[in-house]
There are 2 protein chains.
Amino acid sequence: MLDALLRPGSVAVIGASRTPEKVGHELVANLIESGFEGKIIPVNPSADSVLDLPCYPDLKSAEEKIDLSIISVPTKFVRQAVYDSVDAGAEAIVIITAGFKEVSEEGAAQEREIAEYCRARNVSLLGPNCLGLINAHHKMNASFASQMPQPGGISIFSQSGALCTAILDWAKARQLGLSKLISMGNKADLSETDFLKAFAEDEETKVIVGYLESVDSGDQFIKAAELAASKKPVVIFKSGVTQAGSKAASSHTGSLAGADIAYGAAFHRSGIIRAENFEAMFNYATAFAMQPLPKGDNVAIITNAGGPGIMAADAVEQCGMQVHALSGSAASALAAKLPVAASVGNPIDVLGDADPERYVDAVNAAQNDPGTDAIVVILTPQAMTKPAETARAIAECNRSEKPILACFMGGVDVMPGRDELVAHNLPDYTSPDRAVASLRAMWEYAQWLNRPPRVVRRFPVNRRRVERIIQRHIRSGQYQVGEAAAKDILRAYEFEVPPGSLAMDGTQAIEIAERIGFPVAMKIASQDIIHKSDMGGVKLNLADGDAVIDAYDLMMLRIKQRVPNARIDGVYIEKMCPKGREVILGMTRDPQFGPMLMFGLGGIFVEVMKDVTFHIAPITENEAMDMLESTKSYALLKGVRGQASVDLAAIATSLQRISQLVTDFPEIAEMDINPFMVGQMGKPSTAADARITLKPQDN
Amino acid sequence: MLDALLRPGSVAVIGASRTPEKVGHELVANLIESGFEGKIIPVNPSADSVLDLPCYPDLKSAEEKIDLSIISVPTKFVRQAVYDSVDAGAEAIVIITAGFKEVSEEGAAQEREIAEYCRARNVSLLGPNCLGLINAHHKMNASFASQMPQPGGISIFSQSGALCTAILDWAKARQLGLSKLISMGNKADLSETDFLKAFAEDEETKVIVGYLESVDSGDQFIKAAELAASKKPVVIFKSGVTQAGSKAASSHTGSLAGADIAYGAAFHRSGIIRAENFEAMFNYATAFAMQPLPKGDNVAIITNAGGPGIMAADAVEQCGMQVHALSGSAASALAAKLPVAASVGNPIDVLGDADPERYVDAVNAAQNDPGTDAIVVILTPQAMTKPAETARAIAECNRSEKPILACFMGGVDVMPGRDELVAHNLPDYTSPDRAVASLRAMWEYAQWLNRPPRVVRRFPVNRRRVERIIQRHIRSGQYQVGEAAAKDILRAYEFEVPPGSLAMDGTQAIEIAERIGFPVAMKIASQDIIHKSDMGGVKLNLADGDAVIDAYDLMMLRIKQRVPNARIDGVYIEKMCPKGREVILGMTRDPQFGPMLMFGLGGIFVEVMKDVTFHIAPITENEAMDMLESTKSYALLKGVRGQASVDLAAIATSLQRISQLVTDFPEIAEMDINPFMVGQMGKPSTAADARITLKPQDN
């Protein structure tokens, strides 16, 4: 995929320049210096040659079929350069030039136009406002960043060009090999989704890494990411997570950052490993590129120093993995080889004067021990320590069955050892907690790969009925669906809803109450009244007809006093709900990622403790149960202090029904069932109140 | 302080060796190579000279007054070497040799004996089982670590010797200057407390840094740390925070790690900046050593790349500081100097082709802007970027009024710039979030320095009465103080407690109830029954005499059935509490740091949500209010959805009264008031139930 972009035979540089330090000069120079084996065609009307290559006044005069055209001319000439490129047969175009979406509305319009022109002709477009791209395996530096990385298994796409230069410089310092490096710029055409797809299929790519400030098409992104992650690890660092960060994002690339919580849910869903910062992005990528995945979470720690061993043990436990001691036989076999003062517990302490052999004995013991899933090797530069020899010895005994991550602590004396580690595909970290965090990322991914198959259950429902209700509301411009209609929708999707009906006067209220049976609740039905109970619009536990008529008349009086202009649809008379634990089930539609299901315990748990979880719809039964379990207040549902558990399956099923409802009806912008009364096992669970908001339709 | 240890004139090395790589050889070699200007006296019966220095068979034959003696002989000879050293006038001794507390009970006993011997003779003892020490300003490497750091302002004590070697190696790589580096080993005598005091007074020390696995004397540690922190920043990295980590700690240096929560409270109280890992320890220390403290939390970000600017903005917001845009006039003055495409918002984007001058303009604008408190400067290595020149230019315009922290991202091209930064006392970090975390540590410390004076209020109480109750319980070996007596104690400390009294039979129960007034509660009084209500030992809301006698008889029947052997002290009859919000006030005594006060909302908030805060007693009013405010559920106390606030001052006062009670009576091991019923403003707040546990006394 994207062959013309990633592996072109011939490349034109429109705007090639003879002046060193000019971007148009750097582009040609970098192509030459990277050892590009295809044809390079500089284009510039005012130069005969650039860096000893013949230069053409325009692309037509070159009389060559080109695969890739790199455009670095002033903004106003870009459009013509695109036309020329397409005419010359270019199947891929990179626009380096800035001055489009990120500066003005006019620029945005021009950018859209160019993108549409390319799309219509099936030409891939990278940029504008980007650094270009590098393919180390194709010996092609088609960017104006001067460093060329050594070939390796990590492919990167980045929404920040400047970050690419930092990445290159970092990779060089760590002697880390890269496969492709793509600066996506304004993403007028090609975006993260395309590179997820391309890198997933690219055999030279072992790990996909991305830096993102926003995602353009949430739905396609999730699909592409999930597919890519099922083939190889995808590590993404997303910035702009806070308000301040997002503000900076929108002024930077003119993109609007989605809500961070939605990104979290989308990444979780699609198996993306989320890096919390720039360093973690590298740390994780290195681990994935160099080591096999762990089969479990039991970690053996090998160290020549007590303190750092404790640090590693702390980190393992804090991230939810297990500090694992060797089994009895493995431990005693190792003990026989190590000095008496050494410890074969966990951490395994090979002592301050450990030579490479002792490290090898310990690593072998951990490799032999069936209970050990992963190994962290720590070294501090003590008097007798031989960092380089130790690194080589570990590399030699490494059977590549279990991940081995190293932490050679220090900065100068240990450097030969750190270099040897990386040269032998053993990832090395500056402190034990970083090694453990990377291991934890591997374990998380391993679990995701082994997740149960996603089966979304579909319930038999009365979809037509909901369609009619929604259409009726939309036709009358009523986007707030009142309680009565919302409950009709829920009934159509087989929710347990208390019997109830809308009364238009007091007499009718009594009739309804007598039909459904006492005690009843009474709630004002009006799209103009949001906080019903604050306005005197709710009465509960009415035991007989007298109570109903009194409550009705009083309610009408209060509403007239408090919300004189409210349009009243009537009063909703409903049988009182059976008691239960109050939870909230909801959905809000994220502009990027679509329907986000919400779950939390009612009242203060949501409002004060913010103890809620989100998941992108559609949702499976496992995922629904996960949502329950990942709240802190889950213990209350399971029952504390000898209380019985509530009907957890009833909540999970309801979340799945909401999932089906909001997937069936994109017209639903938001909804919540608050409270949903969950009974104990065998007792009914009921939607006590519900609210649905529809999306105003464009046409 | 500790002059003989830190700045000796003459140093003996007992166990000096001619064999390279032996510790006794390295010690002498390192002293010589570090340029030590005092006298070095090697001692070894089987050598005439070591490294060209005359060597003596024993210390006596040297006939020299020595200040510091460094002992590196086999464990069994250490004791004699200590005696000889003291006889030769040594005022400080370092025992390098291992094989004491960390290996056996016998070793521990020998270690104690040696420490007592030294203490009785006023001789400072460092170790055993340590690496030694370094004083860069005194040109003295009295350790067997071969690297000698350049002189600087950071002094370090470490409970791990191996970590010292990593620290030295790291400092070398970063060209970071150190003042003293102390490996504390087993801490038989000198410990963190001593070095906190010594470094606090040491003029060459600007920042104190410590690595700890445990603290020996919590009380003295807090005092020394608070005093030191009031003079200069104290950064401590404490490992062994989790169960696994603690286990590793106890098998490592034979020390028991205190509970992490107590360490957190102790550090918070004494103004210690806690580093969460090895790297943070350095990052924070570097910032403190090089830059002035911020006067506020408004951060200006200057960058030549959008992405990293967003990362910094994210980090600033996430850590609770403010992303600050320049004021209008400062912004427009800067805008006039920068290219049109640059952004003078925040982050200030000086663009990818920024030269040093543009950085200087931006830094000056931020320095001139009165609203800016701190500056983060980010650089990525783009085509036109000049890292070294930019670093020098920033250093030149730095007025040292506001902290400037840099992040030059990358690994090779930016290195000249990073080196220049450090050479000019500008701290540099590998990623924007690290720079911001360091700034946040500075801001936290600045706030601590400006904290209001700690005034611990003392309430008039009946201390004698409590003394009598406690003594009575201790004499009779009754360490669980029952509710009746616990409430008497609370009354003596002027808590609001419902009137109540112990009844020995049904008739008395009715009498008491009639005296105090209905409705009453009735609770079994027995040290053998912990969960009173589960055993049928609690009845509430008894409205009249009949109810009281029924409840009494039923309770006696149930208790006899369910806890047949319980010793019954009677039944506690108490007036029902006025309703209120249930909170829990408590105290548990940490083995290291003493009384830890606890606060949380009652029931599920403590049990399920673990939403509690701790503070070390004695506590001030501000600190008590801080405890309330730092729970998530604080919003409930303040009143959500138009509810009135509860009487916050009543809770704060009660915490202060508990603080006074547990400070007055170290015999109290644990106590809690659960629930404490807080009324709304102007309504009473009452201790509804209370439990006190006394410490079994040794004599």
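Mentor: A residue is called buried if 20 or more other C-beta atoms, placed from the backbone, lie within 10 Å of its own (12 or fewer is exposed, in between partly exposed). This is a predicted model, where local features need pLDDT of at least 70 and side-chain atom pairs 80 or more, while totals for chains, interfaces and linings use all residues. Residues are numbered from 1 along each chain as written, with chains lettered from A and ligands numbered from 1 in written order.

Trainee: Which residues of helix 4 of chain B are called buried?

Mentor: B:V78, B:A81, B:V82, B:D84 and B:S85. Each is called buried, so each has 20 or more other C-beta atoms within 10 Å. Helix 4 spans residues 75–87 of chain B; helices (H or I, at least four residues) and strands (E, at least two) are DSSP runs numbered from the N terminus.

Trainee: What do those buried residues pack against?

Mentor: Strand 1, helix 3 (59–62), strand 5, strand 6 and helix 5 (105–120) of chain B. A contact here means C-beta atoms, placed from the backbone, within 7 Å. Just past helix 4 of chain B, B:G89 has a positive phi of about 90°.

Trainee: Which way do the residues of strand 5 of chain B point?

Mentor: B:L68 and B:I70 go one way, B:S69 and B:I71 the other, and all are buried. That fits the rule that side chains in a regular strand alternate between the two faces of the sheet.

Trainee: How do you know that strand 1 and strand 5 of chain B pair?

Mentor: Pairing takes at least two DSSP bridges. Strand 1 (residues 10–14) and strand 5 of chain B have 4, in the parallel sense, so they qualify as a pair. One match is B:A12 with B:S69. On to strand 6 (residues 92–95) of chain B: 4 bridges join strand 5 to this parallel strand, and B:S69 stands opposite B:I93 there.

Trainee: What makes the crossover from strand 5 to strand 6 of chain B right-handed?

Mentor: With the strands pointing away from you, a right-handed path from the first strand over the helix to the second runs clockwise. The chain goes from strand 5 through helix 4 to strand 6 of chain B, and this β-α-β crossover is right-handed, so that view shows a clockwise path.

Trainee: Over in chain A, what is the strand order of the open sheet?

Mentor: The order is 2-1-5-6-7, for 5 strands with parallel pairing. Strand 2 (39–43) and strand 7 (124–126) of chain A each have a single partner strand, so one side of each lacks a neighbour in the sheet. Strand 6 (residues 92–95) and strand 7 of chain A share 3 bridges and run parallel; A:A92 is partnered with A:S124.

Trainee: How many residues make the contact between chain A and chain B?

Mentor: 74 residues from chain A and 74 residues from chain B. Several helices of chain A each supply at least two residues of its side, including helix 6 (161–173) and helix 9 (243–252). Helix 12 of chain A gives the most, with 11 residues.

Trainee: Where do the domains of chain A lie?

Mentor: Domain 1 covers 3–287, domain 2 292–449, domain 3 463–575 and domain 4 581–694; such bounds come from an automatic or database assignment. The centres of domain 1 and domain 2 of chain A, over C-alpha atoms, are 38 Å apart. Their contact takes 10 residues from domain 1 and 15 residues from domain 2, and helix 11 of chain A gives the most to the domain 1 side, with 5 residues.

Technical notes: Two residues are in contact if their C-beta atoms, placed from the backbone, lie within 7 Å.
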